[in-house]
Amino acid sequence: MNQRRPGRPAPRPPEGTPARAELAGMARTGLAGAARVARWADAALGPGRDSATADGKATLSDATAERAAADLGLSAAQIRADWDTARLAGLVEVHGDSARPGWRLRAWDRDDSAVLRGWVALFDAWSLACPEPDGHEPAAVAEVVSAMPQLLSFLQLSAGPVPVEQLLDLLQQRVTELRTERCEVAYEHGTGEPAPPPAPAAPAADAPLAPLLDWALRALASVGALTYGAGQATLTPLGSWAVWVKLEQICVAAQSPAGNIEQSAEDMLRGCAQLRPNAARAEYRAWLAARPVGSAVTQLVDAARGDDALLRGLAFEALRVVGAPAEPDVRAVVDEPALRPYALLWLAEHDGVDPEDAHEVLTREEATWLWVDTAAAVADHGEAPMLVRHLESAVQPTVPRLLDEVRAVGHPRTVQVLVALAAAHPDPALAKAVRRAAFQVHTGG
């Protein structure tokens with residue numbers, strides 16, 4: 001995340017795209033209900049307060065939904081809808097039976113990039129935001145989800161209303177392409193010889209795609225990506241900008257603040273996020289030299305305890321620059337689940353273990369937790385190809401094994417990480433499996 005080559009000019013958005021501040025205002029308006037429920041949860045459901053759920057899952061209990069509805073003057077159904085939106089946008093995280101605000105909520109009023117990334121996270125999770133219609137095969141639903149990026153690109157290039165009939169034709173073509181691309185060489189069991197080719201897939205036109213297209217368009221409209229009605233669909237400014245961002249594969253990250261040395265630990269780390277490793281270490285040394293070691297280490301550990309996974313990793317990089325004086329503080333956080341993998345790696349390297357071998361001190365569960373946490377940092381602050389490459393760093397030998405262990409480890413950002421990975425990965429079959437895992441985690445299945 002801090003190894004990007006500097007000086008690359010950022011592509012300009014299409015003419016007519018609102019300014020980032022205006023886009024962020026649109027996102028704040030669209031997510032106002034989710035932010036309101038997230039703030040209510042922060043006050044009412046945090047550690048030491050009442051439980052968010054009755055079953056340890058992320059779904060609000062009836063009692064909690066009714067309480068929130070009474071406090072906020074809304075219906076319980078609206079509370080549940082806003083709660084789900086807040087979770088998908090990263091405004092609230094559920095830990096066991098308690099909830100806490102995500103880092104984006106903390107930055108909601110002052111950081112346009114945090115707001116836009118929250119909205120993009122919801123945009124990526126559109127298929128989870130609205131229940132799919134009953135009576136359709138899961139494979140058909142997955143094909144429509146896989147085909148939607150092409151339809152969204154067409155809408156973005158059209159820069160205006162597009163008839164649903166035209167989108168349906170495009171969907172049928174794309175689904176046919178997906179079925180054709182799914183030609184994998186099968187082998188007869190136990191013979192090593194190629195099996196006879198499978199029967200051709202049924203034409204896409206024979207599949208009930210119209211209801212699924214209607215569902216997809218309504219779901220995308222529900223997250224604010226498009227308007228849908230009168231037989232046509234049009235991307236909203238937010239939706240058009242998000243599609244352009246994904247097409248350009250650029251990072252919507254906060255600019256490094258000026259004067260990192262004078263900043264708090266959190267702001268200093270954010271300012272160093274886009275620097276190359278050597279430059280970042282120089283900033284860490286200058287920042288450390290300007291304050292007492294004890295208070296500096298305390299600030300870095302506090303920053304690591306925050307909700308931004310990128311800052312967690314960077315804080316421990318800064319603590320490596322501190323060296324031996326930080327050891328007592330690092331040992332003191334070994335029993336904190338979110339910090340334990342980072343602390344164990346720091347201590348191993350401090351004890352002389354080669355950094356390339358330090359990961360061996362982690363258990364499989366700790367390594368998986370760290371993989372998810374790092375993926376969350378990439379999803380929040382990196383580019384899509386980085387997230388795809390991060391998949392290769394998992395200790396699990398296969399993607400199904402990884403998904404099983406990621407679900408079991410219980411990281412609070414699991415759904416967002418899986419949704420972002422599914423949106424970024426070019427392999428339709430793998431993306432489908434990852435989306436299915438995200439849906440299962442989201443629904444507590």
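User: Is Arg312 buried or exposed?

Analyst: Arg312 counts as buried, because its relative accessibility is 5% and the cut-off for buried is under 20%. Keep in mind that this is a predicted model.

User: OK, a charged side chain in there. Which residue does Arg312 meet in a salt bridge?

Analyst: Asp373 is the partner, with 2.8 Å from N to O. Asp373 is buried too, with a relative accessible area of 1%.

User: Where do Asp373 and Arg312 sit along the chain?

Analyst: Asp373 belongs to helix α18 and Arg312 to helix α15. The two residues are 61 apart in the chain, and the pair links distant parts of it.

User: And how do α15 and α18 pack?

Analyst: Helix α15 covers residues 309-322 and helix α18 covers residues 364-381. They pack at an angle of about 115°, and their axes are 7 Å apart.

User: Which residues make that contact?

Analyst: From α15 there are Ala309, Leu310 and Arg312. From α18 there are Asp373, Ala376, Ala377 and His381. Sorted by class, the contact has four nonpolar residues, one polar and two charged.

User: Nice. How many salt bridges are there in the whole structure?

Analyst: The search finds 22. Another one joins Asp124 and Lys246, where the closest N and O atoms are 2.9 Å apart.

User: Why does that pair tie together separate parts of the sequence?

Analyst: Asp124 lies in helix α6 (residues 112-124) and Lys246 in helix α11 (residues 237-248), so the pair ties together parts that are 122 residues apart in sequence.

User: What about burial for Asp124 and Lys246?

Analyst: Asp124 counts as buried at 19% relative accessibility, and the limit for that class is under 20%. Lys246 is partly exposed, with a relative accessible area of 37%.

User: What else does Asp124 touch, leaving aside its neighbours within four places in sequence?

Analyst: Besides Lys246, Asp124 is in contact with Val419 and Ala423.

User: Got another salt bridge for me?

Analyst: Sure, Arg36 with Asp82, where the closest N and O atoms are 3.8 Å apart. Arg36 is in helix α2 (residues 32-44) and Asp82 in helix α4 (residues 76-88), 46 residues away in the chain.

User: How covered are Arg36 and Asp82?

Analyst: Arg36 counts as partly exposed, at 38% relative accessibility. Asp82, at 9%, counts as buried.

User: Let's switch to the sheet. What is the strand order?

Analyst: The order is β3-β5-β4, in an open sheet of three strands with antiparallel pairing. The edge strands are β3 (162-163) and β4 (226-229), and each pairs on one side only.

User: How many bridges join β4 to β5?

Analyst: Four bridges join them, with β5 covering residues 232-235. Thr227 stands opposite Thr234 in β5.

User: Which helices lie on that sheet?

Analyst: Helix α8 (residues 138-158) lies across β3, β4 and β5, running at about 75° to β5. Helix α10 (residues 209-222) packs on the sheet as well, touching β4 and β5. The direction of α10 makes about 130° with that of β4.

User: And the nonpolar side of things? How many residues does the largest core have?

Analyst: The largest nonpolar core has 138 residues. Leu269, Leu300, Phe316, Leu319 and Trp371 are those with the most contacts inside it.

User: Pick Phe316. What does Phe316 touch, not counting residues up to four places away?

Analyst: Phe316 touches Ala304, Val330, Val333, Leu339, Tyr342, Ala343 and Trp346.

User: Leu269 was on your list too. Which residues of α12 are buried?

Analyst: Leu269 is one of them, along with Ala265, Met268, Arg270, Gly271 and Cys272. That is six of the eight residues in helix α12 (residues 265-272), so call the helix mostly covered, given that buried means under 20% relative accessible area.

User: What do those buried residues pack against?

Analyst: They pack against α5 (103-106), α13 (277-289), α14 (293-304), α15 and α18.

User: Last one, the overall picture. How many helices and strands are there?

Analyst: The protein has 22 helices and five strands. Buried residues make up 48% of its 445 residues. Among contacts between residues at least 6 apart in sequence, 66% join residues at least 24 apart.

Notes. Residues are numbered from 1 along each chain as its sequence is written. This is a predicted model: local features need pLDDT of at least 70, side-chain atom pairs count only at pLDDT 80 or more; totals for chains, interfaces and linings use all residues. Side-chain values use heavy atoms; hydrogens and water are left out. Two strands pair if DSSP finds at least two bridges between them. Contact means heavy atoms within 4.5 Å. Axes are lines fitted to C-alpha atoms, for helices over the stretch in contact, and angles run from 0 to 180 degrees between N-to-C directions. A nonpolar core is a set of buried Ala, Val, Leu, Ile, Met, Phe, Trp, Tyr and Cys residues joined through side-chain atoms within 4.5 Å. Buried means under 20% relative accessible area, exposed over 50%, partly exposed in between (1.4 Å probe, protein chains only). Ala, Val, Leu, Ile, Met, Phe, Trp, Tyr, Cys and Pro count as nonpolar, Asp, Glu, Lys and Arg as charged, and the others, Gly among them, as polar. A salt bridge is a side-chain nitrogen of Lys or Arg within 4 Å of a carboxyl oxygen of Asp or Glu.
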